[in-house]
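Colleague: Could you take me through one part of this model slowly, as you would for someone in their first year? I would like to know what it looks like from its start to its two sides.

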Amino acid sequence: MITKILKLFPTHKKSIELSVLIKNALEQSAEKISHKLFEKAKEHYNDKQYDEARTKLLKVINLDIISDKAEDLLKQVDRSYANYHYDIAKKYFDEEKYPPAKIEIQEVFKLVPEDTRAKKLSDEITKNEAI
């Protein structure tokens, strides 16, 4: 609607003022949503609900209001979630349950591709599967 008005009356003072007001209101609204999502993501992270935390943080990043903070927290979430999967993989490995251990290691790599512990464990799993 505003776009149509601005096309019809591009220099009309009231059209420009209304456009600026709407733009500001939308930005403020997006910022409030961003902050709420970010706070909710922190709660999920603290409760070890990593999937939920990641979902909220990705939404914040897409809104691009406080994305730097969200990206930092997302890295923490990914690291914690990777540790969670690594611990499960290690447990399976210690129980000589190699197929489920491999699945958990793949989850680690999805979250933290450069994880050196996971790489070592993955190599150990492959080695022991061959025996």
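Modeller: Happily; here is a close look at helix α6, with the whole chain as a backdrop.

A word on the ground rules: this is a predicted model, so local features need a pLDDT of at least 70 and side-chain atom pairs count only at pLDDT 80 or more, while totals for chains, interfaces and linings use all residues. Residues are numbered from 1 along each chain as its sequence is written, and side-chain values use heavy atoms, leaving out hydrogens and water.

The pLDDT is the predictor's confidence in each residue, from 0 to 100. The chain averages 84, and 78% of the residues score at least 70. Confidence is lowest in helix α1 (residues 2–8), with a mean of 54, and highest in helix α5 (residues 98–111), with 96.

The chain has 6 helices and 0 strands. Here helices (H or I, at least four residues) and strands (E, at least two) are DSSP runs, numbered from the N terminus.

Now to α6 itself, which covers residues 116–130. Its 15 residues reach 21 Å from the first C-alpha to the last, close to the 21 Å expected at 1.5 Å a residue. That expected span is 1.5 Å times one less than the number of residues.

At the N-terminal end of α6, D115 acts as a cap: one of its side-chain oxygens lies 3.0 Å from the backbone nitrogen of R117.

Next, the two sides. The buried residues of α6 are A118, L121, S122, I125 and N128. They cover an arc of only 130° around the axis, which puts them on the same side of α6. The arc is that of the directions from the helix axis to the C-beta atoms. On the other side of α6, T116, K120, K127 and A130 are exposed. Buried means under 20% relative accessible area and exposed over 50%, with partly exposed in between (1.4 Å probe, protein chains only).

What covers that buried side? The cover for the buried residues of α6 includes α4 (67–94) and α5.

You can try the same reading on helix α3 (residues 50–63). Its 14 residues should span 20 Å at 1.5 Å a residue, and its end C-alpha atoms are 20 Å apart, which agrees. Y50, A53, L57, V60 and I61 are the buried residues of α3. Those residues cover an arc of only 100° around the axis, so they sit on the same side of α3. Just after α3, D64 takes a positive phi of about 55°.

To step back, buried residues make up 32% of the 131 residues in the chain.

Note on methods:
Contact = heavy atoms within 4.5 Å. Polar contact = N/O pair within 3.5 Å; in protein donor to acceptor, adjacent residues only side chain to side chain.
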